[in-house]
Amino acid sequence: MFSGKPDKITLKITAIYLLIGAAWILLSDKVLNFLVKDLELVTVFSLIKGCLYVVISGLLIYFLINKSINQIKETEADLKQSCNDFSDANIKLEKANRQLAESQKELEEQYQQILIDQKKIQESEERYRFISEATNDAIWQEVNGVTTFSDRWYQITGYSISDIEEAEGGWESFIHPEDRALVRDRMLIHKSCKTPYFNCEYRFRRKDGKYIWIYARGRAYFNAKGEFCHMAGSYTDITELKEYEHRLHHQAYHDQLTGLKNRFALNEKLNSLINESRDKKFALIYIDIDNFKYVNDTMGHRFGDLLLMQISDRLLGNEISNSTVYRIGGDEFLILVEKYYKKENLERIAVNILKAFKPCFVVGDLNTYTTISIGVSTYPEHGNETDELLKSADIAVYKAKEGGRNRIVFFNTPMNEEITERMTIEKHLRNALDNNEFELNYQPQLDIKRSVISGFEALLRWKNPELGTVPPIKFIGIAEATHLIIPIGEWVLREACRFLCKLEKAGYNGFNIAVNISMLQLLQDDFAHMVMDIIDSFGLNPKQIELEITESILMESYEVIAGKLKLLRARGINIALDDFGKGYSSLNYLKNLPITTLKVDKSFIDTISNTGNDKSLADLIVKIGRSMDLCVVAEGVETQEQMDYLIKHKCHKIQGYLVGKPMQEADITKKMEEQNKIAFQEVSNL
């Protein structure tokens, strides 16, 4: 009823109140005068009428004002509610705006991430393409039994899609026949979930007919039921890698110089033969080149390598059936004979090998003669294991060399005992010099013409606390093999000079002393200087020292030692050629080397009592020496008959038990005193 602004409502109420009041005053009095005639009653009713008016007008005013106020309140409430609703709407709108902004930001971030992911995918694809091309990989997949390949696969193999479609058996028909079963088995094993991945190396025939090596790898995928769905993987051409592996394998199992198989290949083959069958028989023919070290030292390693290559060719030229030639060391070869029937078969093979080395080797412009020592061991007689068989053959070779070289020796059980003894000797020999276990004995040399002792040969002796007295024949070779002969030989020379100096101080002048020299000593660069330093340190005349070398030394290292011997001879030192006639007896050495003394080997002296050519041969050796103005010394003279023969043929000196056994230093002094007494008596008788 009342709606609008408060001022309008107030005016409406006031207007209504005035109209009602005016109407009440005018009408009520007329109605009262019409109805009531009594004045007193009129007064009473006027009073009542006035009261009613006040009450009614008051109620009416209250009602109107209350209603207006309520309407105002409702309006204010509606207005407030509207304001609240508007405020909530604003809050919601702001929240919606924030959510929208956040959503927009999230969308922007997602968009940026999508761009980044797209870039990564692009880069990944580029890297994959680059790696695929760089690694020579091709991609393949198998779906519903059909295998498809990437373009790279066709580039690798040279085929086209139509070639594969038209091929009987599909692409698998191009796998090498020997590898197909392997590929098929590996694939089935992987598809049965027995391996996490499929991988296999096999040979594949390209379109041009050439086989290449492929490394295939892949993985199978299965559905929720565990059923095979599809498979994918890659192919890599590993031909170059395989060729490189082959070269490495060849280098690992072949000798680089000769191309022969080496010790690794031999060990592998022997292990295989032993594991194949215990009933199988085979043999090892162990070949060692005699004196090869000296060839290397004298002629140089290049010369030695060329000689080894020719030796390899000569061994291969024998064409022994069921056999393989190996080079197992510097100058060591081995022939594995996988089948033989009798020992005589092996003997015949070994003899033929020895004969093959009789012709000279032509290395450059030089003719070289080389001999070999052969040791033979057989399976299973001489060992059931690889190491044991090789050891047996090695022992047999050692015995062949010990026996004079250029010969064949079959292994037997007692040889093993000898090697054990050799190892024991070697162990003690290493400390013998430091422990002062060596001593020198001196064997007199008689000047036949003057019938007096003119000198001595220094002979090395060894007495070990555990082994007792060890004969030179047992330890000298070991000392040379271990190079211990170098310090031992220097000690011998020094001790011999000390003894000679002691004799001179005792008044025994004019004696010579002979010292045996090893090949290894002569090969030392400082050998000549070492000899002169020792002689000078004792104040001796170099002419009193005689160095004895053997013919074998001359044969082995003529070029190397010739200069050193000439240098020593120029200083006055005498050079004796020991055991002349026992070896090659080349007169060329006597002419070209500064030899001063020729020692006739004992084997010729022992046969003087015979009636044969040996006597004339001993005579001939003496004549050769005298004709070359050399001092001739006969070794091993034990009987008067031998001495008379040598006197008759004008030998200069003799050495042997007839004159005196090797004696210790104290005994030599007594011998000198006896000689002086005899000489004094002879002078007195005159």
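**Paired strands and a packed helix**

Strand β16 and strand β17 (residues 545-550) run parallel, joined by four bridges. Strands pair when DSSP finds at least two bridges between them. One contact point in this pairing is easy to find: alanine 514 has glutamate 546 in β17 as its bridge partner.

This is a predicted model, in which local features need pLDDT of at least 70, side-chain atom pairs count only at pLDDT 80 or more, and totals for chains, interfaces and linings use all residues. Numbering starts from 1 along each chain as its sequence is written, and side-chain values use heavy atoms, without hydrogens and water.

β16 (residues 512-516) also pairs with strand β14 (residues 452-464). That pairing is parallel too, over four bridges. Here phenylalanine 456 meets isoleucine 513 of β16 as its bridge partner. Strands (E, at least two residues) and helices (H or I, at least four) are DSSP runs, numbered from the N terminus.

Now turn to helix α11, residues 386-402. How far apart are its end C-alpha atoms? They are 24 Å apart, which agrees with the expected span of 24 Å for 17 residues at 1.5 Å a residue. The expected span is 1.5 Å times one less than the number of residues.

Many side chains can be traced from here. Buried residues of α11 include Thr386, Leu389, Leu390, Ile395 and Val397. Ser392 and Lys399 are buried as well. Buried means under 20% relative accessible area (1.4 Å probe, protein chains only). The buried residues of α11 pack against helices α7 (263-276) and α12 (413-432). They also pack against strands β6 (282-289), β8 (332-337), β11 (372-379) and β12 (408-410). Contact means heavy atoms within 4.5 Å. After α11 comes glycine 404, with a positive phi near 120 degrees.

Terms used:
Buried means under 20% relative accessible area, exposed over 50%, partly exposed in between (1.4 Å probe, protein chains only).
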